[in-house]
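Trainee: I have a model open and want to learn how to read its helices. Can you take me through it?

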Amino acid sequence: MVGGAHIQLKRWQQAAVALGSAVGALLDPRRADLIAALGETTGKPAFERVLERMKKSAEGQAVLLDRPRVLSSEVGHAWDLPSNTFGAAYANFMGSRNFSPDDRPPVRFMDTDELKYVAMRAREVHDFWHALFGLPTNLIGESALKVIEFEQMHLPMCMLSVLGGTARFNDRQRKLFFQHYFPWAIRAGMQCTDLMCIYYERHFHEDLDEMRAKWGIIPVPPPQS
């Protein structure tokens, strides 16, 4: 199911949910439900722009028509693909962390079925992007990916997440992030294709390096010691 029970909010209620979610997410960045609520209540204009871009892209149109879901029942075959493929890279990313694609919270605050799907799609392809860019799931890696997500979708939640993440860095992490990861993420997010207009599931069997080259993706380089 793409969305849970739809919750219709007035503007002041949206602001209240956004504020509460922002505070809660800053206090506990592991709360995916709060981050999701923040993204939905502050991101409707951004999701509308993403939807329009998808409608203008042949591959984006196919995604909107088929509405693929990143669920165990749909992507489980990735675990059986050759090691050089994009699908195998995704499966290795998920398996090595004991992640499940079924753990994403439902969409609750989008007004139309199309926007619900786009918001859910953005949530579900997050792990594809981790695998493509070679980013870890620690605080630095998540913050760097949020920079790329902001450049791709202009969601306010992404920038708020970066601010919240960097506020929790120690001095060594902060230096590493701003000297290495942040400038790379800015460059990587600007150079790559429109990542929301890719039908990733159709490319699982293709070579990872070839897909990165085709989509203009620069994997994160190792930090200089």
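**Reading helix packing**

Mentor: Start with one crossing: helix 7 and helix 8 cross in a right-handed sense. Keep in mind that this is a predicted model.

Trainee: How are two packed helices described?

Mentor: Two numbers do the job: the angle between the axes and the distance between the axes. Here, the axes of helix 7 (residues 126–133) and helix 8 come within 11 Å and cross at roughly 110 degrees. Angles of 65 to 115 degrees count as roughly perpendicular, so helix 7 is roughly perpendicular to helix 8.

Trainee: Which residues of helix 7 and helix 8 meet?

Mentor: From helix 7, take His-126, Trp-129, His-130 and Phe-133. Their partners in helix 8 are Gly-141, Glu-142, Leu-145, Lys-146, Ile-148, Glu-149 and Met-153. By type, the residues of this contact divide into five nonpolar, three polar and three charged.

Trainee: What are the angle and the axis distance for helix 8 and helix 10?

Mentor: Helix 8 packs on helix 10 (residues 171–191) at an angle of about 30 degrees, and their axes are 9 Å apart. Under 35 degrees counts as roughly parallel, so helix 8 is roughly parallel to helix 10. Helix 8 passes helix 10 in a right-handed crossing.

Trainee: Which residues make that contact?

Mentor: Helix 8 contributes Ile-140, Ser-143, Ala-144, Val-147, Ile-148, Glu-151 and Gln-152. Helix 10 contributes a list that includes Leu-176, Phe-177, Tyr-181, Phe-182, Trp-184 and Met-190. The residues of the contact of helix 8 with helix 10 divide into 13 nonpolar, four polar and one charged.

Trainee: Now helix 8 by itself. What span does helix 8 reach, and what is expected?

Mentor: Compare the end-to-end distance with the expected rise. Helix 8 covers residues 139–153, 15 residues in total. From first C-alpha to last, helix 8 reaches 21 Å, close to the 21 Å expected at 1.5 Å a residue.

Trainee: Is helix 8 mostly covered or mostly open?

Mentor: Count its buried residues. Helix 8 is mostly covered, with eleven of its 15 residues buried. Among them are Ile-140, Leu-145, Val-147 and Met-153, but also Lys-146, Glu-149 and Gln-152.

Trainee: What follows helix 8?

Mentor: Look at the backbone there. His-154 follows helix 8, and the phi of His-154 is positive, near 55 degrees.

Trainee: Where else should I look for positive phi?

Mentor: Try two loops. Arg-67 sits in the loop between helix 3 (58–66) and helix 4 (72–75). The phi of Arg-67 is near 50 degrees, a positive value in a residue other than glycine. Asn-98 lies in the loop between helix 5 (86–96) and helix 6 (113–124). The phi of Asn-98 is near 55 degrees, again positive in a residue other than glycine.

Trainee: Is Asn-98 buried or exposed? And what is the relative accessible area of Arg-67?

Mentor: Exposed means over 50% relative accessible area. Asn-98 has 70%, so Asn-98 is exposed. Arg-67 has 34%, so Arg-67 is partly exposed.

Trainee: Step back to the whole chain. How many helices and strands are there?

Mentor: The chain has eleven helices and zero strands. Of its 225 residues, 48% count as buried.

Trainee: How do I judge the sequence range of the contacts?

Mentor: Look at sequence separation. Take contacts in the chain between residues at least 6 apart in sequence: 72% of them join residues at least 24 apart.

Notes. Residues numbered from 1 in each chain as written. Predicted model: local features only at pLDDT ≥ 70, side-chain atom pairs only at ≥ 80, totals over all residues. Heavy atoms only, no water. Helix = DSSP H or I, 4+ residues; strand = E, 2+ residues; numbered from the N terminus. Expected span 1.5 Å × (residues − 1). Buried < 20%, exposed > 50% of the residue type's maximum accessible area, 1.4 Å probe, protein only. Axes fitted to C-alpha atoms, helices over the stretch in contact; angles between N-to-C directions. Parallel < 35°, antiparallel > 145°, perpendicular 65-115°, else oblique. Left-handed = near helix turned anticlockwise from the far one by under 90°. Contact = heavy atoms within 4.5 Å. Nonpolar A, V, L, I, M, F, W, Y, C, P; charged D, E, K, R; others polar.
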